[in-house]
Amino acid sequence: MIASIFDLMAPVLIAALGGVITERAGILNIALEGLMLIGAFTAVVVAGFSGSIILGLLAAATASAGAAALFGFFGVRLQANIFIAGLAVNLLATGLVTFLSGQFFSTRGVIRIANMPSLPHIPFPTGGTITPAPLVGLLLVPLLIYLLNQTPFGLRARAAGIDPEVLKGRGVSPGAVQFQAITLSGLFCGIAGAFLSLRLEAFVPGITAGKGWIALVAVFLGRKSPVGIFLASWLFAFADAVAGNAQGLSWLPPTLMLAFPYLITFLVLIGASALMSRRKHAERKT
């Protein structure tokens, strides 16, 4: 079960790490879900026809980064409402994937390509196997800590989120930094979505199933820290794995167990919000 938790955790973790980049730059990226969907679709198509998992991952990251750049163009360059722009990307992703599925595969259902390569499986210390996805996610945690704290881009992104005037005073455009952060976030989401579909060796409509929204919750539950996001993602994956295993219990309605991870997400989000509000209220009193 532990191996499956890590596999379930990886897409949420990677997408959430992408989300924290924009969050640190002062942009709420609610387009994570749509960007993951684009990555999932692109990965299956490119990996299926090229026979290469690597090309599938690269294409997914590129396609999602391109969609994120479009989001950044409207949200930052044209200063459109960032919330509406993010929702538009989510709707565009759903519509675009449905359109391309119908045009090129004559279906709006499952896309399964012959000779689709399989992700390698690695033995897990406690038993079972995992795909490379959890390893990629775990590797990205320290890399993102370094990126945000030790590189000029990371320092500029944090400055853009805290005080854009400081950047302007140094001749750096906050908008340009935020645009780069959004594009990089799209790259992360593309990889996250790719691992969802490559694990199944097929594209399934609705494959993201709200994981982009859960990733957004993980960003705030993890207090915008890569390590905190890892812990939050692991918690959601644990709930997902419990729900999957409990579906075999005849006395529990299957629909209830399918909703269990989202119920946990809801309760944790409400609980965390209440805790933070009480803490802020206590700080004001002191």
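This briefing covers the largest pocket and three helix pairs in a predicted model. The largest pocket holds about 500 Å³ of space. Helix 1 and helix 9 pack with their axes 8 Å apart. Helix 2 packs with helix 3, and the axes of helix 3 and helix 4 come within 9 Å.

**Largest pocket**

- The largest pocket has a lining of 26 residues.
- L8, R199, A209, K211 and D240 lie nearest the centre of the pocket.
- Five elements each give two or more residues to this lining: helix 1 (2–24), helix 8 (174–200), helix 9 (211–221), helix 10 (226–246) and helix 11 (254–285).
- Helix 10 contributes the most, with seven residues.
- By class, the lining has 17 nonpolar, five polar and four charged residues.

**Helix 1 with helix 9**

- Both helices also give residues to the lining of the largest pocket.
- Helix 1 and helix 9 pack at an angle of about 55°.
- Angles that are neither under 35 degrees, nor over 145, nor from 65 to 115 count as oblique, so helix 1 and helix 9 are oblique to each other.
- Their crossing is right-handed.
- On the helix 1 side, the contact is made by V12, A15, A16, G19, V20 and E23.
- On the helix 9 side, the contact residues are K211, I214, A215, A218, V219 and F220.
- This contact has nine nonpolar, one polar and two charged residues.
- K211 appears in this contact, and K211 is also among the residues nearest the centre of the largest pocket.

**Helix 2 with helix 3**

- Helix 2 spans residues 32–50, and helix 3 spans residues 53–77.
- The two pack at an angle of about 145°, and their axes are 7 Å apart.
- The crossing of helix 2 and helix 3 is right-handed.
- Helix 2 makes the contact through L35, I38, G39, T42, A43, V46, A47 and S50.
- Helix 3 makes it through I53, L55, G56, A59, A60, A63, S64, A67 and A68.
- The contact divides into 12 nonpolar and five polar residues, with no charged residues.

**A59 in helix 3**

- A59 lies in helix 3 and is one of the residues in the contact with helix 2.
- A59 touches T42 and V46, leaving aside residues up to four places away in sequence.
- T42 and V46 are among the helix 2 residues of that contact.
- A59 and I182 are 123 residues apart in sequence, and their C-alpha atoms are 18 Å apart in space.

**Helix 3 with helix 4**

- Helix 4 covers residues 82–105.
- The axes of helix 3 and helix 4 come within 9 Å and cross at roughly 150°.
- Angles over 145 degrees count as roughly antiparallel, so helix 3 and helix 4 are roughly antiparallel to each other.
- The crossing of helix 3 and helix 4 is right-handed.
- Helix 3 brings L70, F71 and G75 to the contact.
- Helix 4 brings I82, A85, G86, V89 and L92.
- The contact of helix 3 with helix 4 has six nonpolar residues, two polar residues and no charged residues.

Notes: Residues numbered from 1 in each chain as written. Predicted model: local features only at pLDDT ≥ 70, side-chain atom pairs only at ≥ 80, totals over all residues. Heavy atoms only, no water. 1 Å grid on protein atoms, 1.4 Å probe; cavity = no way out; pocket = protein on both sides within 12 Å on 5 of 7 lines; lining within 4 Å. Points joined across faces, edges and corners; volume = space filled by probe spheres on them. Helix = DSSP H or I, 4+ residues; strand = E, 2+ residues; numbered from the N terminus. Nonpolar A, V, L, I, M, F, W, Y, C, P; charged D, E, K, R; others polar. Axes fitted to C-alpha atoms, helices over the stretch in contact; angles between N-to-C directions. Left-handed = near helix turned anticlockwise from the far one by under 90°. Contact = heavy atoms within 4.5 Å.
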